[in-house]
Amino acid sequence: MNCVQTNSPEETYELGKSLAEKLKAGDVLLLSGDLGAGKTAFTKGVAWGLGIKDYVKSPTFTYVLEYNGKMPLFHFDLYRLQVAEEIYDLGFEDYLLTGGIIVLEWGERAEDILKQDGIEYIFITINKLGENLREVCFKCTEKGRTIAKELL
Ligand code: ADP
Ligand code: MG
């Protein structure tokens, strides 16, 4: 695990922004962490890094929201999914082919199916350590390791 700590939402935005600047079309980010950990905050930073000016909010009740920036951002929230396969009903594959950045909040729910289908991803876990203190960890899949090295 490669981890970094942030001491404010702004620092988490900055981290998301730095990551976004290294992403390529088709990259998939899985964000894992409890409610209030900062998954949406991190995604705001990613959006910022892609030059997206729109207000990014949690797509909990819509499952997926789409933003246009340097590349499109497809922001999923899998919190209410019954089965992981539903990501395909939500258009996951079309979004992948469109070639934007895909962010999945509660991404651990999709990890097995992505693995099974041979889709690469970067797994990011956010842990709440204190009121404003968060630990953001990048799991060492091949892609995760390369990016985390550049970032941390
Ligand atoms: P999630 O999407 O994981 O449920 P949110 O990003 O919606 O979480 O909420 C995170 C909350 O924690 C926000 O209210 C944010 O202001 C607060 N917060 C405090 N410190 C941090 C930090 N270091 N990083 C991210 N969010 C933080
Ligand atoms: Mg959220």
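User: Which residue in strand 5 does phenylalanine 74 stand opposite?

Analyst: Keep in mind that we're looking at a predicted model. Here, phenylalanine 74 faces isoleucine 102 of strand 5. That pair belongs to a bigger pattern: strand 4 and strand 5 (residues 101–105) run parallel and are joined by five bridges.

User: And how does strand 3 run relative to strand 4, parallel or antiparallel?

Analyst: Antiparallel, with four bridges linking strand 3 (residues 64–67) to strand 4. If you want one pair to find on screen, take leucine 65, whose bridge partner in strand 4 is histidine 75. Five residues sit between strand 3 and strand 4, and the two strands make a hairpin.

User: How should I read the two faces of strand 4, covered or open?

Analyst: Start with the general idea: side chains in a regular strand point alternately to one face of the sheet and the other. Now the case at hand. On one side of strand 4 you have Leu73, His75 and Asp77, on the other Phe74 and Phe76, and all of these are buried. Put as a tally, five of the five residues in strand 4 (residues 73–77) are buried.

User: Next one along: what is odd about the phi of tryptophan 106?

Analyst: Its phi is positive, near 60°, and tryptophan 106 is not a glycine. Look for tryptophan 106 in the loop that connects strand 5 to helix 5 (108–116).

User: Why does tryptophan 106 count as buried?

Analyst: The cut-off for buried is under 20% relative accessible area. Tryptophan 106 has a relative accessibility of 10%, so it counts as buried.

User: Now the ligand. Which residues come nearest to ligand 1?

Analyst: There are 17 residues around ligand 1, and the nearest are Thr12, Gly36, Lys39, Thr40 and Ala41. Helix 1 (9–20) and helix 2 (39–49) each contribute at least two residues to that shell. Helix 2 gives the largest share, three residues.

User: Which atoms of ligand 1 lie by threonine 6, glycine 38 and arginine 134?

Analyst: For polar contacts, check whether the protein atom is side chain or backbone. Threonine 6 has a polar side-chain atom 3.1 Å from a nitrogen of ligand 1. With glycine 38 it's a backbone N or O atom, 2.9 Å from a ligand 1 oxygen. Arginine 134 puts a polar side-chain atom 3.0 Å from an oxygen atom of ligand 1. Alone, ligand 1 would expose 570 Å², and the protein buries 74% of that.

User: What kind of space does ligand 1 take?

Analyst: The largest pocket.

Conventions: Residues numbered from 1 in each chain as written. Chains lettered and ligands numbered in written order. Predicted model: local features only at pLDDT ≥ 70, side-chain atom pairs only at ≥ 80, totals over all residues. Heavy atoms only, no water. Buried < 20%, exposed > 50% of the residue type's maximum accessible area, 1.4 Å probe, protein only. Pairing = 2+ DSSP bridges. Near = heavy atom within 4 Å. Polar contact = N/O pair within 3.5 Å; in protein donor to acceptor, adjacent residues only side chain to side chain. Areas by Shrake-Rupley, 256 points an atom, 1.4 Å probe, with all protein chains shown as cover. 1 Å grid on protein atoms, 1.4 Å probe; cavity = no way out; pocket = protein on both sides within 12 Å on 5 of 7 lines; lining within 4 Å. Sits in = over half its atoms within 2 Å of the grid points.
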